[in-house]
Amino acid sequence: FLAMLETAGIDYDGLENRDRYPKRIVLPHNGSEIWFRDTQDIGRWLGPDFGWFLLDEAGEEPKATFAGLVSRLRLSNAGRFLKGILTSNPPHERHWIAEVFGTEPGTKLVGRTKFQLIQSSSLDNPHNPDGYVDDILATHSKADAKRVVEGRFGFTADGPPVYPTFRAEWHVGTPSPHSD
């Protein structure tokens, strides 16, 4: 995020510098504050009102983290611009992200709240190093590569495999009728 501000030529003042990086910055041109926090103990910093939030690697977070952040989207100065943004590799199809946003790109309306799912492929990222996608394809199962490279929701079975060489991409599917 800081690299994006620097690339765009946006000045900021770093506050609460730890580990060589600011944990809080202020944008002098409009007085906005941006906090960078981990989510290990999210309850510790859910007091203030937020105008927006970004939750990176959201697939690794419980739904309670998302719900807590959404409950803080009430900064009066932000008014109609209140937004939450999640980034994640697509999780399995029964994950809370799929439950909230759906599994197909588009906008889902729940009451007056809009949830928009944007899917993208690693193939569309011009900043990936050479060989990145090839490395993913060489080291991941076909199902996992489809999830990571194509940006598709995946399937994760509960429990241990029922057969020692079980592979979801071979053994799971819709049976076709046979006429003998």
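This passage describes a strand pairing, a nonpolar core, several salt bridges and the largest pocket in a predicted model.

Among the paired strands of the predicted model, strand 6, which covers residues 106–110, and strand 7, which covers residues 113–117, run antiparallel and are joined by five bridges. Within this pairing, T107 is placed opposite Q116, a residue of strand 7. The two strands form a hairpin with two residues between them, and in this hairpin G111 adopts a positive phi near 65 degrees.

Attention may next be given to the nonpolar residues in the interior. In soluble globular proteins, nonpolar side chains tend to be buried together. In the present model, the largest nonpolar core contains 18 residues, and the members with the most contacts inside it are F50, F53, F66, L69, I97, V100 and F101. Two or more residues of this core are given by each of strand 4 (52–55), helix 2 (63–71), helix 3 (96–101) and strand 7. Of these elements, helix 3 provides the largest share of the core, with five residues. The surroundings of one core member, L69, can be described in further detail: when its neighbours within four places in sequence are left aside, L69 is in contact with I42, W45, L46, F50, F53 and L55. Two of these partners, F50 and F53, are also listed with L69 among the residues that have the most contacts inside the core.

Charged side chains were considered next, and the count of salt bridges in the model comes to five. In one of them, the side chains of E33 and R24 meet with an N to O distance of 2.9 Å. Both partners are partly exposed, since the relative accessible area is 44% for E33 and 22% for R24, and the range between 20% and 50% is the one assigned to that class.

Another salt bridge is formed by R74 and D49, whose closest N and O atoms are 2.7 Å apart. This pair links distant parts of the chain, because R74 lies in the loop between helix 2 and strand 5 (83–86), whereas D49 lies in the loop between strand 3 (32–35) and strand 4, and the two residues are 25 residues apart. R74 is partly exposed, with a relative accessible area of 45%, and D49 is likewise partly exposed, at 37% relative accessibility.

A further salt bridge brings together the side chains of R147 and D144, with an N to O distance of 2.8 Å. Because R147 and D144 are three residues apart in helix 5 (residues 142–150), about one helical turn separates them. The two partners fall into separate classes of accessibility: R147 is buried, with a relative accessible area of 18%, while D144, at 25% relative accessibility, counts as partly exposed. In addition to these pairs, D49, R72 and R74 are joined into one network by salt bridges that share partners.

Finally, the open spaces of the model were examined. The largest pocket has a volume of about 1,300 Å³. It is lined by 38 residues, and those that lie nearest its centre are I85, L86, T87, Q116 and I118. The elements that give two or more residues to this lining are helix 2, strand 5, helix 3, strand 7 and helix 5. Strand 7 gives the most to the lining of the largest pocket, with five residues. Strand 7 thus takes part in the pairing with strand 6, in the largest nonpolar core and in the lining of the largest pocket.

Terms used
Residues numbered from 1 in each chain as written. Predicted model: local features only at pLDDT ≥ 70, side-chain atom pairs only at ≥ 80, totals over all residues. Heavy atoms only, no water. Pairing = 2+ DSSP bridges. Helix = DSSP H or I, 4+ residues; strand = E, 2+ residues; numbered from the N terminus. Core = buried A, V, L, I, M, F, W, Y, C linked by side-chain atoms within 4.5 Å. Buried < 20%, exposed > 50% of the residue type's maximum accessible area, 1.4 Å probe, protein only. Contact = heavy atoms within 4.5 Å. Salt bridge = Lys/Arg side-chain N within 4 Å of Asp/Glu carboxyl O. 1 Å grid on protein atoms, 1.4 Å probe; cavity = no way out; pocket = protein on both sides within 12 Å on 5 of 7 lines; lining within 4 Å. Points joined across faces, edges and corners; volume = space filled by probe spheres on them.
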